[in-house]
Amino acid sequence: MPKKPSQSSIKKQAAKLRNRPGWDPQQRGSDDIQSKLQSLDQELQNERTYEESASCEACQRAQDEAQDPSALCEHHLQQALGF
Ligand SMILES: [Zn+2]
């Protein structure tokens, strides 16, 4: 089963990311910050997708068929990929 991150663990992760060396905008180009923010967005998006997929019948079917607990239905797969 995919893990369900709590709201506070997401906030903690975001805080940790901000404290990482290299996050400081004065040391890095702003493009780099942008791409970091985008990957953080993508991470949160994936967590949302897996949270939804846990209660999605089509996802459960896809997981049974693929024998893969991380399989997603077409809708959630597209969501996970950022479409
Ligand atoms: Zn689904």
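**Is Gln67 buried or exposed?**

Gln67 counts as exposed, because 7 C-beta neighbours lie inside 10 Å of this residue and a residue with 12 or fewer falls in that class. The model in which Gln67 is described is a predicted one. Gln67 follows helix H3 and sits in the loop between H3 and helix H4, the latter spanning residues 74–80.

The backbone at Gln67 also deserves a remark. Most residues other than glycine have a negative phi. Gln67 is not a glycine, yet its phi is positive, at about 55°.

**Overall architecture and confidence**

The chain contains four helices and zero strands. Read from the N terminus, the order of its elements is α-α-α-α. Of the 83 residues in the chain, 6% are buried. Among the contacts with a separation of 6 or more, 48% join residues that are 24 or more positions apart.

The mean pLDDT of the chain is 82, and 78% of the residues reach 70 or more. Confidence is lowest in helix H1, residues 7–19, with a mean of 73. It is highest in H3, where the mean is 96. Where pLDDT is low, the predicted coordinates should not be read in detail.

**Helix H2**

Helix H2 covers residues 30–53 and has 24 residues. From its first C-alpha to its last it reaches 34 Å, close to the 34 Å expected at 1.5 Å a residue.

Thr49, Tyr50 and Ser53 are the buried residues of H2. These buried residues pack against H3 and H4. An α-helix has 3.6 residues a turn, so residues three or four places apart point the same way.

**Helix H3 and its contacts**

Helix H3, residues 57–66, is hardly covered: of its ten residues, the number that are buried is one. Cys59 is found in this helix, and Cys59 counts as buried because it has 23 C-beta neighbours inside 10 Å, where the cut-off is 20 or more. When neighbours within four places in sequence are left aside, Cys59 is in contact with Ser53, Leu72, Cys73 and His76. Ser53, one of these partners, is itself among the buried residues of H2.

Ala58 is also found in helix H3. Ala58 is partly exposed, because 13 other C-beta atoms lie within 10 Å and the partly exposed class falls between 12 or fewer and 20 or more. Not counting residues up to four places away in sequence, Ala58 touches Cys73 and His75. Cys73 is thus a contact of Ala58 and also a contact of Cys59.

**Distances from H3 to Glu74**

Two C-alpha separations relate H3 residues to Glu74. Ala58 and Glu74 are 16 residues apart in sequence, and their C-alpha atoms are 8.4 Å apart in space. Cys59 and Glu74 are 15 residues apart along the chain, and their C-alpha atoms are separated by 8.3 Å.

Methods:
Residues numbered from 1 in each chain as written. Predicted model: local features only at pLDDT ≥ 70, side-chain atom pairs only at ≥ 80, totals over all residues. Helix = DSSP H or I, 4+ residues; strand = E, 2+ residues; numbered from the N terminus. pLDDT = per-residue confidence, 0-100. Contact = placed C-beta atoms within 7 Å. Expected span 1.5 Å × (residues − 1).
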